[in-house]
Amino acid sequence: MSVKDAVATMTGSAALPRRNGELVFAAPWESRAFGLAVGLSQAGVFTWDAFRERLIAEIAEWEAAGHPAEEWSYYACWLHALEELLEERGIATDAELDALMEAIASVPEH
Amino acid sequence: MGHGHDHDHDHDHDDVSLRVKALESLLVERGYLATDAVDKLAEAYEHDVGPMNGARVVARAWSDPAFKARLLEDGSKAIAELGYGGFEGGHVIVCENSDDLHNVVVCTLCSCYPWSVLGLPPTWYKEPTYRARVVVEPRTVIGEFGYAVPADKAIRVWDSSAEVRYLVLPQRPAGTEGLSEDELAALVTRDSMIGVGLPLEPARA
């Protein structure tokens with residue numbers, strides 16, 4: 001089973017939003033990542049073109065690296081493009097995110 | 001996942017969820033985003049904006065020749081008459097299918113798509129395979145989606161960009177003369193508006 005099929009057949013709480021039978025997002029974080037970029041652009045933090053250019057570059061880089069198709073993740077490219085743009089603008093650094101991830105992970109699930 | 005390739009965004013699934021969560025809380029904390037901004041956007045695109053908007057545009061064009069003329073003249077403006085538009089909706093050009101011509105849409109650079117009328121693009125639209133192949137062998141690719149374009153029908157491929165998005169206006173199916181706009185809209189599939197399929201046939205009475 002390809003990764004894509006494995007993702008598409010998740011059930012229960014992990015079941016995916018679908019429209020016309022198609023997956024819209026492969027996982028909840030994808031729609032969050034989507035909302036972050038759109039929200040920041042709407043708030044004027046960066047222009048949509050600035051983000052889009054990053055995204056194109058990110059996707060091109062992924063393709064140039066010759067990865068097998070089953071590892072393709074559009075939203076991984078999306079997220080990476082967003083992180084780079086935020087780092088460049090001095091809004092959030094990689095190190096800050098790493099630290100915050102650790103802090104969140106150490107909080108027990110409620 | 002991630003067998004030693006060098007690209008550093010290859011987090012595993014839990015990690016990437018956590019990273020997005022961290023990013024969101026940091027941006028909210030620093031005042032770049034309102035607490036509910038991402039919820040609202042994710043919800044809007046998951047539920048409110050979908051191919052139904054595009055289907056209503058197509059159904060109106062099938063029912064109202066004057067609207068269709070305006071739609072082909074200036075897609076964005078005519079679509080705005082139905083209340084659809086806004087972020088990333090941009091300039092929409094409507095490509096009309098005919099007996100001689102079939103239109104299909106791609107974005108070879110990334111995944112530009114008329115979001116305001118079709119919602120978020122389907123998974124395959126964003127994949128490198130579709131983006132590369134539909135330009136080179138559109139007839140084969142459309143055939144794989146289940147529509148064998150007749151040999152005497154030309155195919156035109158439209159490459160989207162940040163400035164221009166395309167919406168295919170499919171041909172109205174035969175046997176739909178008595179149908180209302182709502183009934184017609186129900187026949188219009190997302191795929192038919194991208195050009196990789198046809199509208200549904202009306203249900204036989």
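## Arg165 of chain B

In this predicted model, R165(B) is part of strand β4 of chain B, which covers residues 164–169. R165(B) has a relative accessibility of 2% and therefore counts as buried, the cut-off being under 20%. Its side chain has a polar partner: the backbone oxygen of Y113(B) lies 2.8 Å away.

## Chain B as a whole

Chain B contains 11 helices and four strands. Its length is 205 residues, and 49% of them count as buried. Considering contacts in chain B with a separation of 6 or more, 65% are made by residues 24 or more positions apart. The exposed area of chain B is about 9600 Å², and carbon and sulfur atoms supply 51% of this area.

## The largest nonpolar core

The largest nonpolar core comprises 85 residues. The residues with the most contacts inside this core are F51(A), W78(A), L82(A) and L86(A) from chain A, together with V57(B), Y130(B) and L167(B) from chain B. Helix α4 of chain A, residues 74–88, provides the largest share, nine residues. Within chain B, domain 1 (13–46) and domain 2 (50–194) both contribute residues, so the core lies between these two domains.

Around F51(A), leaving aside residues up to four places away in sequence, the residues touched are A37(A), F46(A), W78(A), A81(A), L82(A) and L85(A). Of these, A37(A) is listed among the buried residues of helix α2 of chain A, while W78(A), A81(A), L82(A) and L85(A) are buried residues of α4(A).

## Chain A as a whole

Chain A has five helices and two strands. Read from the N terminus, its elements follow the order α-β-β-α-α-α-α. The chain has 110 residues, of which 44% are buried.

For contacts in chain A between residues at least 6 apart in sequence, 46% link residues at least 24 apart. The accessible surface of chain A is about 5400 Å², and 54% of it belongs to carbon and sulfur atoms.

## Helix α4 of chain A

With 15 residues, α4(A) should span 21 Å at 1.5 Å a residue; its end C-alpha atoms are 21 Å apart, so the model agrees with the expected length. The helix is mostly covered, as 12 of its 15 residues are buried. The buried set includes the polar residues H80(A) and E83(A) as well as Y74(A), C77(A) and L86(A). Just after the helix, G90(A) adopts a positive phi of about 70°.

Y75(A) belongs to α4 of chain A. Its relative accessible area is 3%, which is under the 20% limit, and Y75(A) is therefore buried. The C-alpha atom of Y75(A) is separated by 7.9 Å from that of F34(A), although the two residues are 41 residues apart along the chain. F34(A) is itself one of the buried residues of α2(A).

## Helix α2 of chain A

Helix α2 of chain A covers residues 28–42, and its 15 residues reach 21 Å from the first C-alpha to the last, close to the 21 Å expected at 1.5 Å a residue. This helix is also mostly covered, with 12 of its 15 residues buried. Among them are W29(A), E30(A), S31(A), G35(A), L36(A), V38(A) and L40(A). After α2(A) comes G44(A), whose phi is positive, near 80°.

Conventions:
Residues numbered from 1 in each chain as written. Chains lettered and ligands numbered in written order. Heavy atoms only, no water. Buried < 20%, exposed > 50% of the residue type's maximum accessible area, 1.4 Å probe, protein only. Contact = heavy atoms within 4.5 Å. Areas by Shrake-Rupley, 256 points an atom, 1.4 Å probe, with all protein chains shown as cover. Polar contact = N/O pair within 3.5 Å; in protein donor to acceptor, adjacent residues only side chain to side chain. Core = buried A, V, L, I, M, F, W, Y, C linked by side-chain atoms within 4.5 Å. Domains from an automatic or database assignment. Expected span 1.5 Å × (residues − 1).
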